[in-house]
Amino acid sequence: MEANPAETTGMVVLQAESEIAAINMVYGGAGCGKKVMTTSSSPGISLMQEGITYIAGAELPCLIVNIVRGGPGLGTIQPAQSDYFQAVKGGGHGDYHLIVLAPASVQEMADFVELGFELAFRYRNPVMMLSDGALGQMMEKVYLNPQKERSGISPDWATTGKPPGRERNIITSLELDSAKQELFNLKLIEKYNEIREKEVRFEEYQCEDAEYLFVAYGTSARICQKSVQLARNEGIRAGLLRPVTLFPFPEKQISRLAEKVKIILSVEMSAGQMIEDVILAVGGKVPVFHFGRMGGMVQTPEEVLDFLKLKIKEA
Amino acid sequence: MAEVTGIKDYIRPENLVYSKTRLMTDNVLHYCPGCGHSTAHRILAEIIDEEGLQQDAIGISPVGCSVFLYNYIDIDWQEAAHGRAPALATAIKRLCPDKFVFTYQGDGDLAAIGTSETIHSCNRGENFLIIFINNGIYGMTGGQMAPTTIPGMKSSTSPYGRDTVRMGFPLKITDIVATLPGTYYVSRQSVHTALNVRRAKRALKKAVQYQSLNRGTCFVEIVSNCPAGWKMTPVEANKWLEENMLPYYPLGDLKVPQPEKDLNPGSTD
């Protein structure tokens, strides 16, 4: 076995007694200005929600990876995309957003760690990588970028011990004065709007002449890419828009594509969650339908295409 | 005939016998009159100053009456969710091993919602200090029964007194952590008399010094009062504490390093 990275790199790896402890360890480490992350699968991420809203409220940077499995409850251990609402719409209490990255390959799973930390520190905001049980267990060739040199400089807000001449740093999400809390909420809104403005990431596949559009992320996007190829083999001009960021959501791009396509399918391994954001973006311009399997079942490219053909026929 | 002297004539450096604790900020303490938190805060601030730890200290304040502890002592702070302070402290100390890290938690925070974090960080022997204020009641939320409410003790949710058949027994969590191999020094003190304040300060100072050795978790319980929650005057509360709390939570060291040769903390009496 390779040299222990905890000894060779100075990183700290710790198995927590629970997800609740894990996310609060992340809070503590992030409060010291360190790059900290944790990962779990759906039920464990539910346990972390209190910690995540505290981290958002204290404006701390960190990375949380959710390898989504089917639910609700204990559900199944097979892949699903049914934690979209939780990741994108809040999950914990209060008005906050995570920056949500949706990888669709093992390469992106690796790349988004660095990207996630970059965004987390840029905006002092928790970032979630929303993956799924298929990507989480997939084997693919991956190129690992060389690690960047650590700066060793702590951000000025971090709790590192108060040197003489600086005010004490306090990491907290508590503000009992409603007027001040509202100002803080407004500040958060401003931050989220800046993120909406600058950080939308997406990928288009065969959208230029598309008459029918799939919107899908993660594993479902990989599947839909194949569906596009199958459709085009049959002369059906399909295309795929893959949101890479789920918050911020590529609403402008979807809205623009809605001007020229006839039908949009939101394909997700859930009962239909992202479709709500697609419908909002489309604004009633064209019909939007959901298609996807649940409970750990994964739709095939053929099933997706069959559903599209059915909707074309019904139209 | 001697000149009449005013109070200002006595305010001279050579007459100074007491001054405001240097590390206490100018923020007005929000505690009820007679509450033990203020005293515990002061001795903690004194010790941090005396040990020269202001630059190295990172404190974690809890949820409960002492949630605003970060407003009162002039060091870096993190404010934890209810019960999670030891999880924060674990990461802070492991990522900043040369810092002095401590949590300050009440009984609801440490011994109810945070029992798991308390026990597991003590069991891992995390190198931080836990200061545990036990007044047997949820003071901030209206005097509900706490995990440490003693048998027969009245609270807003045990108005006829804690009935152990229906409500279970108080959790002697300090005794539990003393049995764990990860703890290095465990002590129970109180701050209800001047003598006890001195003893508590001595124990807390010892804990802070032991902590610098990084040989495990140090844990100091301070049996405290809650005049408002107990519905007593401060004097009555301290008397009640002595007559009822202390027989159930006897004071003294529960675990000392064996053999105790690492340090010679000296007396502060």
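Okay, quick definition before anything else: two strands count as paired here if DSSP finds at least two bridges between them. Keep that in mind, and also that this is a predicted model.

So, chain A, and strand E7, residues 212-215. How many bridges join E7(A) to strand E10, residues 263-267, of chain A? There are 4, with the two strands running parallel, so the pair clears the cut-off of at least two. If you want one position to click on, A:Phe214 has A:Leu265 in E10(A) as its bridge partner.

E7(A) has another parallel partner, strand E8, residues 238-243, again over 4 bridges. There, A:Val215 sits opposite A:Leu241. To get from E7(A) to E8(A), the chain goes through helix H9, residues 218-233, and that β-α-β crossover is right-handed.

Now the side chains. In a regular strand they alternate between the two faces of the sheet. And are the faces of E7(A) covered or open? Both are covered: A:Tyr212 and A:Phe214 are buried on one side, A:Leu213 and A:Val215 on the other.

Okay, over to the sheet that involves both chains. It's an open one with 8 strands and mixed pairing, and the order goes E5(A)-E2(B)-E1(B)-E3(B)-E4(B)-E8(B)-E7(B)-E9(B). Which strands are at the edges? Strand E5 of chain A, residues 170-171, and strand E9 of chain B, residues 252-255, each pairing on one side only.

Take the chain A edge. E5(A) runs parallel to E2(B), with 2 bridges joining them, and A:Ile170 has B:Trp77 as its bridge partner. At the other edge, strand E7 of chain B, residues 183-190, is antiparallel to E9(B) over 3 bridges, and B:Ser187 stands opposite B:Asp253.

While we're on chain B: helix H1, residues 36-50, lies across strands E1, E4 and E8 of that chain, at about 160 degrees to E4(B).

Last thing, the contact between the chains. It takes 29 residues from chain B and 28 from chain A. On the chain B side, E1, E2, H2 and H4 each supply at least two residues. Which of them gives the most? That's H2(B), with 8 residues. By class, the chain B side has 15 nonpolar, 6 polar and 8 charged residues.

That's my tour. Over to you for questions.

Technical notes
Residues are numbered from 1 along each chain as its sequence is written. Chains are lettered from A and ligands numbered from 1 in the order in which they are written. This is a predicted model: local features need pLDDT of at least 70, side-chain atom pairs count only at pLDDT 80 or more; totals for chains, interfaces and linings use all residues. Two residues are in contact if their C-beta atoms, placed from the backbone, lie within 7 Å. Axes are lines fitted to C-alpha atoms, for helices over the stretch in contact, and angles run from 0 to 180 degrees between N-to-C directions. Ala, Val, Leu, Ile, Met, Phe, Trp, Tyr, Cys and Pro count as nonpolar, Asp, Glu, Lys and Arg as charged, and the others, Gly among them, as polar. A residue is buried if 20 or more other C-beta atoms lie within 10 Å of its own, exposed if 12 or fewer, and partly exposed in between; C-beta atoms are placed from the backbone. A crossover is right-handed if, with the strands pointing away from the viewer, the path from the first strand over the helix to the second runs clockwise.
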